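Hi,

Here is the structure I promised to pass on to you. Have a look at it first, and then read on for what turned up in it.

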Amino acid sequence: MKRIEDIDHHFKINADIPRDYRFFDPRQEPMQLYGLAPNDQGSYCRLPLDFLKECNDGVKVLAWHLAGACVRFSTDARGLAVIWSLKDKGNMPHFTACGQSGLELFEESDEGVVQIRNFIPAMDTGSCGCALNQSAFTPLPGGLRHYVLYFPLYNGLDELMLGFPPDARVEKGRTPRIEKPIVFYGSSITQGGCAAKVGSCYTTLLCRRLDAAQINLGFSGSGRGEENMARYIASLDMSAFVLDYDHNAPTVEHLEKTHEKFFNIVREAHPDLPIVMMSKPDFDSNREGNALRRNVIARTYAHALEKGDKNVWFINGESFFGNHDRELCTVDGCHPTSLGFVRMADVVEAVLRPVLYK
């Protein structure tokens, strides 16, 4: 626990943050991190550091981006101070700064989830991108309540500190009803590009609706269905698995060579695990080529059914964006807007809710 005078001097602390607040590191009790690998160094990373050495170059960088990761805590405080240090400035032109590099706070209860604050990062004066060091304050309603703070989708954290009044209770957070995570593996879309806010990524929106923990293993341009990634995912304890790397398979032939193999590795380790396989949502960008890719995934599904698999589902990506206003569902013909992510979450929820709550 730290006080403001103990925080590194390079942070410019907002004037509205009370000077008597005490600060907690989310990697230490009573805080509870979700969606990150349990590395001994306490690193904010989605994969174990030893395994990361075996991954492709893109994954080695993107595993430090924190899509789907969050910290849960409970407090009766009437205010929360947040101080965070970003790894990169995050200056993608088609992606909001708060989606790339912001934070989003929700209150959780058994009745549902309510947004408290979207923390929009300040921009770096005189240059393109976010300032690396950020701080913000938000009032809270008081009374012992449960909160979850989601981390940046396309940026990493070097440091994060959460500040509370000196007399406030700070306790462990609420455990999601579905405690074993839903694991997602896929592309930039899976990682959350280009959600307007970090909580708008379809995986996070879906898991909020289902009251489920998540592990998001979306890696922009780098989810290529390698065997070592399949074996890593097969080692995880999970409630469901969503296989969604169609977009990052460089060719139809690559997808055909890797997709069923990937599925079988996970299935062998988890004979009864619900597994959802999906084709890419931006079907209209290349209808003929995307139909060929979809057919590869449909064959994996058909072969599983032929073997008697009763815990596998296939979602045709062409269905995600619906029958009207499809052009409003992406920023650039590929990456979903908030509308696109809502429609994706709607479709996947219709499959997973009856499975997880039967």
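Let's begin at a proline: Pro30 sits in the loop that runs between strand S2 (22–24) and S3. Before you read too much into any detail, keep in mind that this is a predicted model. The peptide bond between Glu29 and Pro30 is cis, with an omega of about 10°.

There is another cis bond further along, where Gly193 is joined to Cys194 with omega near 10°. Cys194 belongs to the loop between helix H4 (188–191) and H5.

While we are on backbone angles, two aspartates are worth a click. Asp211 is not a glycine, yet its phi is positive, at about 55°. You'll find Asp211 in the loop between H5 and S13. Is Asp211 buried or exposed? With a relative accessibility of 16%, Asp211 counts as buried, because the cut-off for buried is under 20%.

Asp325 also has a positive phi of about 55° without being a glycine. Its loop connects strand S16 (312–315) and helix H9 (338–356). Asp325 has 37% relative accessibility, so it counts as partly exposed.

Now the pockets. The largest pocket holds about 470 Å³ of space. Its lining is made of 21 residues, and Leu33, Tyr34, Gly35, Leu36 and Pro38 are the ones nearest its centre. Three elements give two or more residues to that lining: strand S3 (32–34), strand S12 (178–186) and strand S13 (212–218). S13 has the largest share, with three residues. Sorted by class, the lining of the largest pocket comes out as twelve nonpolar, five polar and four charged residues.

The second largest pocket has about 180 Å³ of space. It is lined by 18 residues, and closest to its centre are Gly112, Arg208, Arg209, Leu210 and Asp211. So here is Asp211 again, the buried residue with 16% relative accessibility. Strand S6 (103–109), strand S7 (112–119) and helix H5 (202–210) each give two or more residues to the lining of this second pocket. Which of them gives the most? That is H5, with four residues. As for class, the lining of the second largest pocket has six nonpolar, two polar and ten charged residues.

S7 has another residue to look at, Asn118. Asn118 is buried, with a relative accessible area of 16%. Leaving out residues up to four places away in sequence, Asn118 touches Cys98, Leu103, Glu104 and Lys197.

Next, the inside of the protein. How many residues are in the largest nonpolar core? There are 38, and Ile182, Met278 and Leu352 have the most contacts inside it. Strand S9 (145–150), S12, H5, S13, strand S14 (240–244), strand S15 (275–278) and H9 each give two or more residues to this core. H9 provides the largest share, six residues.

If you want one residue to explore there, try Ile182. Not counting neighbours within four places in sequence, Ile182 is in contact with residues including Cys207, Leu210, Ala212, Ala213 and Ile215. Its contacts also include Ser239, Ala240, Val242, Leu352 and Leu356. Apart from this core there is another, of 36 residues, with Leu52, Leu62, Val183 and Leu236 among them.

Last, a sheet. Strands of a sheet pair through backbone hydrogen bonds, in either a parallel or an antiparallel way. The one to find here is an open sheet of five strands, in the order S1-S2-S10-S5-S8, and its pairing is antiparallel. Which strands stand at the edges? They are strand S1 (2–3) and strand S8 (133–139); each has a single partner strand, so one side of each has no neighbour in the sheet.

Within that sheet, strand S5 (residues 79–86) and strand S10 (residues 157–164) run antiparallel and are joined by six bridges. To see how they line up, pick out Val82, which stands opposite Leu162 in S10.

That's the tour. Happy clicking!

Terms used:
Residues are numbered from 1 along each chain as its sequence is written. This is a predicted model: local features need pLDDT of at least 70, side-chain atom pairs count only at pLDDT 80 or more; totals for chains, interfaces and linings use all residues. Side-chain values use heavy atoms; hydrogens and water are left out. On a 1 Å grid over the protein atoms alone, a cavity is a set of points where a 1.4 Å probe fits but cannot get out, and a pocket is an open set with protein on both sides within 12 Å along at least five of seven lines; lining residues have an atom within 4 Å of a point. Grid points are joined across faces, edges and corners, and a volume is the space filled by probe spheres set on the points. Ala, Val, Leu, Ile, Met, Phe, Trp, Tyr, Cys and Pro count as nonpolar, Asp, Glu, Lys and Arg as charged, and the others, Gly among them, as polar. Buried means under 20% relative accessible area, exposed over 50%, partly exposed in between (1.4 Å probe, protein chains only). A nonpolar core is a set of buried Ala, Val, Leu, Ile, Met, Phe, Trp, Tyr and Cys residues joined through side-chain atoms within 4.5 Å. Contact means heavy atoms within 4.5 Å. Two strands pair if DSSP finds at least two bridges between them.
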